[in-house]
Amino acid sequence: MVGMESVRQPRMAWTFLTNHARVLSLVARDPGARLRDVAEVCGLTERAVQAIVADLEGAGYLERSRVGRRNHYRVVPDALLRHPAEAGLPVGALLEVLAHSRGPRAVPRTDPATGLRQDLPGA
């Protein structure tokens with residue numbers, strides 16, 4: 001119609017961090033966190049977090065070790081970011097920025113001694 005401006009549809013909400021960055025950040029804060037708990041904090045399914053952790057391991061950003069019946073993860077801080085705009089920057093630098101900017105959000109965990117869920121402050 002003449003004189004009628006096009007109606008602009010609202011865009012879907014977006015965030016600055018990808019799910020991969022969010023998962024990596026949470027695992028860096030709590031290397032012994034259960035992936036179920038990471039999924040809850042990130043708003044993802046446990047299966048999605050498992051796939052992301054596999055991606056991060058495959059790319060050399062995470063190393064997994066078994067401690068008793070649980071997996072523990074270690075971030076490889078010298079692993080380089082993949083995007084050409086950040087070429088040469090280590091992932092540890094990104095995690096350092098995120099660690100300084102985040103508030104005291106709790107990461108839910110289960111106490112291995114009692115089996116009870118508790119909220120531990122993120123470091």
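Let me begin with a definition: a residue is called buried when its relative accessible area is under 20%, exposed when that area is over 50%, and partly exposed in between. Keep in mind, please, that what we have here is a predicted model.

With that cut-off in hand, take D37, whose relative accessibility is 1%, so that D37 counts as buried. Its partner in a salt bridge is R34, and the closest N and O atoms of that pair are 3.0 Å apart. R34, for its part, has a relative accessibility of 23% and therefore counts as partly exposed.

D37 belongs to helix 2, and the buried residues of that helix are L35, D37, V38, A39, V41 and C42. That is six of the eight residues in the helix, which runs from residue 35 to residue 42, and so helix 2 is largely enclosed by the rest of the structure. Just after the helix comes G43, which takes a positive phi of about 75°.

Helix 2 also takes part in a second pairing, where the side chains of R36 and E46 meet in a salt bridge, at 3.8 Å from N to O. This pair links distant parts of the chain, since R36 sits in helix 2 and E46 in helix 3, ten residues apart. On accessibility, R36 counts as partly exposed at 48%, and E46 likewise counts as partly exposed, at 32%.

Staying with the charged side chains for a moment, I would add E57 and R64, which meet in a salt bridge at 2.7 Å, N to O. E57 is partly exposed, with a relative accessible area of 23%, while R64 counts as partly exposed at 47%. The count for the model comes to four salt bridges, and the pairs I have named are among them. As a general remark, side chains of opposite charge can pair when their charged atoms come close.

Let me turn, lastly, to how helices 1 and 3 are arranged. At what angle do the axes of helix 1 and helix 3 cross? The axes of helix 1, residues 19–29, and helix 3, residues 46–58, come within 10 Å and cross at roughly 85°, which means that helix 1 is roughly perpendicular to helix 3. On the side of helix 1 the contact is made by N19, H20, V23 and L24, and on the side of helix 3 by V49, I52, V53, D55 and L56. By character, the residues of this contact divide into six nonpolar, two polar and one charged.

Key: Residues are numbered from 1 along each chain as its sequence is written. This is a predicted model: local features need pLDDT of at least 70, side-chain atom pairs count only at pLDDT 80 or more; totals for chains, interfaces and linings use all residues. Side-chain values use heavy atoms; hydrogens and water are left out. Axes are lines fitted to C-alpha atoms, for helices over the stretch in contact, and angles run from 0 to 180 degrees between N-to-C directions. Helices (H or I, at least four residues) and strands (E, at least two) are DSSP runs, numbered from the N terminus. Angles under 35 degrees count as roughly parallel, over 145 as roughly antiparallel, 65 to 115 as roughly perpendicular and the rest as oblique. Contact means heavy atoms within 4.5 Å. Ala, Val, Leu, Ile, Met, Phe, Trp, Tyr, Cys and Pro count as nonpolar, Asp, Glu, Lys and Arg as charged, and the others, Gly among them, as polar. Buried means under 20% relative accessible area, exposed over 50%, partly exposed in between (1.4 Å probe, protein chains only).
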